[in-house]
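I opened my notebook to look up a few things in this model, and here is what I jotted down. Pull up the structure and follow along with me.

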Amino acid sequence: MQDGQRDEEKRYESLSPFELKNKLADLAQTAHEKMMINAGRGNPNWIATAPREAYFLFGSFALAEARRVMSRPGMAGAPAAAGSGARLLVFCQAHGDHNGSQFLADAYAYVTEKLALDGDAFVGEMADAIIGDHYPTPDRVLPLTEKVIQAYLNETMFDSRPPAGTMDLFLVEGGTAAISYIFNTLKENGLLNPGDKLAIATPIFSPYLEIPPLADYGLVSVDVAMDEEKGWQFPDAELEKLHDPAVKAFFLVNPSNPPSVSLTEASLQTIAELVRTKRQDLIILTDDVYGTFVNGFRSLAAIAPRNTILVYSFSKYFGCTGWRLGVIGLYRDNVLDAMIATLPTDKRDALHTRYESIATDPDGLKLIDRLVADSRAVALNHTAGLSTPQQAMMVFFALAELLDTEFHLYKREAQGLVKERYDALFAGIGIPAPDTDDSFARYYTTIDIHKLAVARYGQDFDDWLRDAHEPIDFVWRLAADKDVVLMDGGGFAGPTMSVRVSQANLDTPEYDKIGKAISELLADYKAEWDASR
């Protein structure tokens, strides 16, 4: 490697993988823009059609409902709930030849029969929501919307085995907003303070590594590392780091990103036992966005509900990143509210002052409601909340899954698509796919280049590779020489000289090409090594 290129690579090693990706795309575009293959981002290239068809058809119904109340030139009224359920069914019959009409009729039957919701109240809430003519009321989540989203989470995050108690939900602008709001409120409420230790399950989505050291928080990160040789699960010694009382919170993505593997039942139970016994004060924050790609998935919120804040986003499974649809879930019986009540007097007094303008009992304000207030700098709490058309879209996505419980047609299609691409990738590399059990989500893949180097060309070759090339040289040359853009796995606290491949954003034949490009580049390094000896 030339000294100039090595120096440039060193400068880019400190960047977030998402910023480095832009440089790699520039390298790939320089010579062969039309040939570039970019598997660096997780935005899916599919969309769920059935809930969208129903949503847009329902919009026509909602407008008709608005005109029933008032009809003036270019103007209508706010939809009325009374009698709206029966009118929706008549609408569905009249529009039976439209995609989405049967979905609407089935959805109405589901919410009235399975969830025992009042039909007029539900249709009225959805019509007003999709029209978007009122601030969200309540601001945390619309009341019947919460029931539907809870049913969806019970099925997808808890494998239809939710723990006892009630989970309160706060609907937010995607998973990124959820994480931002949570960190801010934990800081504002004295649950995470500068100098506190935050345990982070690694490898992990790289921005999550970049949040704790920011001056906003000043947290000390403690890696709780998954073991590649154990199928990306936690060794006991790593989980023992959570025994340290200086570790105030544990942050993880499950299934992981980028290994894309869900925690085993044994790991879940180990953590649950820890918070039941030695670490009852440990806060757990779990981002479970990829849980729908694993059958039988169970979140830590199902196993350790008193300690866990659940974050889920609809974006990846339903192909709706542009909608910005996320949810924060927290069980009413939780340790965080109890910890706030035992804060030092001066801190509790400051929090009383912070929230006294929005609550008659600010000391008793639940953490979930503090999240809502803090998301709008407290003073603007009265206009907080996710926009109601977004909430309605979230309901339609949730109902699409809830209506498909018998055959799971959409889930099988989504899971099958990423597996098809996953298999093509490993076929292109020329090695067996490592998904040995059902815990693999396959949304992303981590390819350990050093491990591949040893397997293909021996330890001496890999020793030379480590010594002669910077860790990001592989993704650099993959872009510059092979027109393939992948993420640097080391930036996710994964193995050095590894790559993260997203199986979400390209068509299947491209993954065979990516696999071949990885294999060819490794052979290029081997030729360099041979020439140097």
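**Salt bridges first**

I started with lysine 482 and aspartate 524, whose side chains meet in a salt bridge at 3.0 Å from N to O. Lysine 482 belongs to helix H21 and aspartate 524 to helix H22, so this pair ties together parts 42 residues apart in sequence. A reminder to myself: the model is a predicted one.

Next I checked how open the two partners are. Lysine 482 is partly exposed, with a relative accessible area of 22%. Aspartate 524 is partly exposed too, at 29%.

I then looked for another contact involving helices H21 and H22, and found glutamate 528 in a salt bridge with arginine 477, the closest N and O atoms being 2.6 Å apart. Glutamate 528 sits in helix H22 (residues 508-532) and arginine 477 in helix H21 (residues 473-482), and 51 residues separate the two. Is arginine 477 buried or exposed? I found arginine 477 buried, because its relative accessible area of 12% is under the 20% cut-off. Glutamate 528 comes out as partly exposed, at 30%.

**A bridge between H3 and H4**

Which residue does glutamate 65 pair with? I found arginine 87, with the closest N and O atoms 2.8 Å apart. This salt bridge links distant parts of the chain, from glutamate 65 in helix H3 to arginine 87 in helix H4 (residues 84-94), with their positions 22 residues apart. Glutamate 65 has a relative accessible area of 3%, so I noted it as buried, the limit being under 20%.

**The wider tally**

I counted salt bridges over the model and got 28. I also noted a network: Arg140, Glu146, Asp168, Arg332, Lys366 and Asp369 are joined by salt bridges that share partners.

**Cavities**

How many cavities of 30 Å³ or more does the structure hold? I got 3.

The largest has a volume of about 70 Å³. I listed its lining as Phe58, Leu88, Leu104, Ala107, Tyr108, Phe122, Met126, Val395, Phe396 and Leu399. Helices H5 (101-114), H6 (119-131) and H17 (388-402) each supply at least two of the lining residues. Sorted by class, the lining of the largest cavity holds 10 nonpolar residues, with no polar and no charged ones.

The second largest cavity has a volume of about 50 Å³. Around it I found Phe183, Leu186, Leu192, Leu198, Ala249, Phe250, Phe251, Ile283 and Leu285. Helix H8 (174-188), strand E7 (247-253) and strand E8 (283-287) are the elements that give two or more residues to this lining. Which element gives the largest share of the lining of the second largest cavity? I traced that share, 3 residues, to E7. By class, the lining of the second largest cavity divides into 9 nonpolar residues, no polar and no charged.

**Last stop, the surface**

I finished on the outside, with a nonpolar surface patch of about 260 Å² made by Val69, Met70 and Met75. Methionine 70 is in the loop between helix H3 (49-69) and strand E2 (71-72). Its relative accessible area is 34%, and I wrote methionine 70 down as partly exposed. That value matters for the patch, because a patch residue must have over 30% relative accessible area, and methionine 70 has 34%.

Key
Residues numbered from 1 in each chain as written. Predicted model: local features only at pLDDT ≥ 70, side-chain atom pairs only at ≥ 80, totals over all residues. Heavy atoms only, no water. 1 Å grid on protein atoms, 1.4 Å probe; cavity = no way out; pocket = protein on both sides within 12 Å on 5 of 7 lines; lining within 4 Å. Points joined across faces, edges and corners; volume = space filled by probe spheres on them. Helix = DSSP H or I, 4+ residues; strand = E, 2+ residues; numbered from the N terminus. Nonpolar A, V, L, I, M, F, W, Y, C, P; charged D, E, K, R; others polar. Patch = residues over 30% accessible without salt bridge, like charges linked within 9 Å, V, L, I, M, F, W, Y side chains within 5 Å. Areas by Shrake-Rupley, 256 points an atom, 1.4 Å probe, with all protein chains shown as cover. Salt bridge = Lys/Arg side-chain N within 4 Å of Asp/Glu carboxyl O. Buried < 20%, exposed > 50% of the residue type's maximum accessible area, 1.4 Å probe, protein only.
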